[in-house]
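Got the viewer open? Here's a short route through the model, one selection at a time.

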Amino acid sequence: MGRHNIITTKTLKHHTNMSEATTEAKIFSCTQSTELSEKIAAAFGTKLGNVITSTYSDGEFQPSFEESVRGSRVFIIGSTHPGADHLMEMLLMLDAAKRASARHITAVLPYFGWARQDRKDKPRVPIAAKMVASILETAGATRIITMDLHADQIQGFFEKPVDHLYASTVFLPYLKSLNLDNLTIASPDMGGSKRAYAYSKALESDVVICYKQRAKANIISHMELIGDVTGKNVVLVDDMVDTAGTLTAAANLMMERGAISVRAICTHPVLSGEAYERVENSKLEELIVTDSIPLKKESRKIKVVSCANLFADVMKSVHHNESISSKFIM
């Protein structure tokens, strides 16, 4: 064999490293998350990639990357809150990136929709969270970045790496800046007690828990308080606020039991149905949320704390193969 045909292990390794070093990061946004994506891209130090979405008269749509992604590390940002079009758009963009020969395809899901269906709570129902995890991977996602899943075990529904971030990274500095005396952390239900205890440990505060019984989905028949809130500034902690029924009922109950003030921090502002009206008419002093889901309208009681820097920092670390453990405050 001629000498010019011999490729040594050292030469091959050199070429491989050079190829990896030149992998370009490109960030694209689904339409429902454009505002947050622009903030993330700016914090990352780049601009959003160019995507055009064509829509047919019957509602069918087709996203198209208007620039090459061949060999690139592609980040596709989009929350998948219902309706189903948000999830479908993410799947189509993942498939397009895969077919355009992107090297790495990361689905960045600030809010992972359908997560409340994480188990069979009665016969003959789907486990939607598992199904969504499977179709994201089938569509082309090689990595998932998300924040405050409704249930931690959803990470196990994926066969690809999952970076599960915590909004406490952005909420805790804000809470500390309030300098509240006699601070007490509260969970609006038993399921959120672990989260409440984690916040209380970080803030060195007491914990109280609400116990609720539901007549049916989104309808509370009875609520009771476990713990004392007399003379306390209470902060309710939850992963999402949907109809705000539980949250506002808990806030009103705590004020009746002698609390000085009640605030709430909820990562994902789903805010459906009469949620805005409930928040406005409740005893809540303020509702603090992230911009994982864009607000449908403004409210004097709702404060948005951006999670853009958190996602940008983690995406940078992922791109440069660096540890992200420092981003997990709790």
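Start with helix H5, residues 168–178, and colour its buried positions: Ser-168, Thr-169, Val-170, Phe-171, Leu-172, Tyr-174 and Leu-175. Keep in mind as you click around that this is a predicted model.

Now show what lies over those side chains. The cover on the buried residues of H5 includes two helices, H6 (193–203) and H9 (308–319), along with strands E11 (233–241), E12 (261–269), E13 (286–290) and E14 (302–305). Before leaving, step just past the end of H5 to Asn-179, where phi is positive, near 50°.

Next, select helix H3 (residues 84–99) together with helix H4 (residues 128–139). Their axes come within 8 Å and cross at roughly 30°, so H3 counts as roughly parallel to H4. Put side chains on: from H3 you want Leu-87, Met-90, Leu-91, Leu-94, Asp-95 and Lys-98, which meet Val-132, Ile-135, Leu-136, Thr-138 and Ala-139 of H4. Sorted by class, this H3–H4 contact has 8 nonpolar residues, 1 polar and 2 charged.

Last stop, the cysteines. How many disulfides are there? The count is 0, with a pair needing its sulfurs within 2.5 Å. Pick Cys-30 and look for the nearest cysteine sulfur: it belongs to Cys-307 and is 15 Å away, and Cys-30 is in no disulfide. Cys-30 is also buried, at a relative accessible area of 0%. Then try Cys-210, which is in no disulfide either; its nearest cysteine sulfur, on Cys-266, is 12 Å off. Cys-210 is buried too, with a relative accessible area of 0%.

Methods: Residues numbered from 1 in each chain as written. Predicted model: local features only at pLDDT ≥ 70, side-chain atom pairs only at ≥ 80, totals over all residues. Heavy atoms only, no water. Buried < 20%, exposed > 50% of the residue type's maximum accessible area, 1.4 Å probe, protein only. Axes fitted to C-alpha atoms, helices over the stretch in contact; angles between N-to-C directions. Helix = DSSP H or I, 4+ residues; strand = E, 2+ residues; numbered from the N terminus. Parallel < 35°, antiparallel > 145°, perpendicular 65-115°, else oblique. Contact = heavy atoms within 4.5 Å. Nonpolar A, V, L, I, M, F, W, Y, C, P; charged D, E, K, R; others polar.
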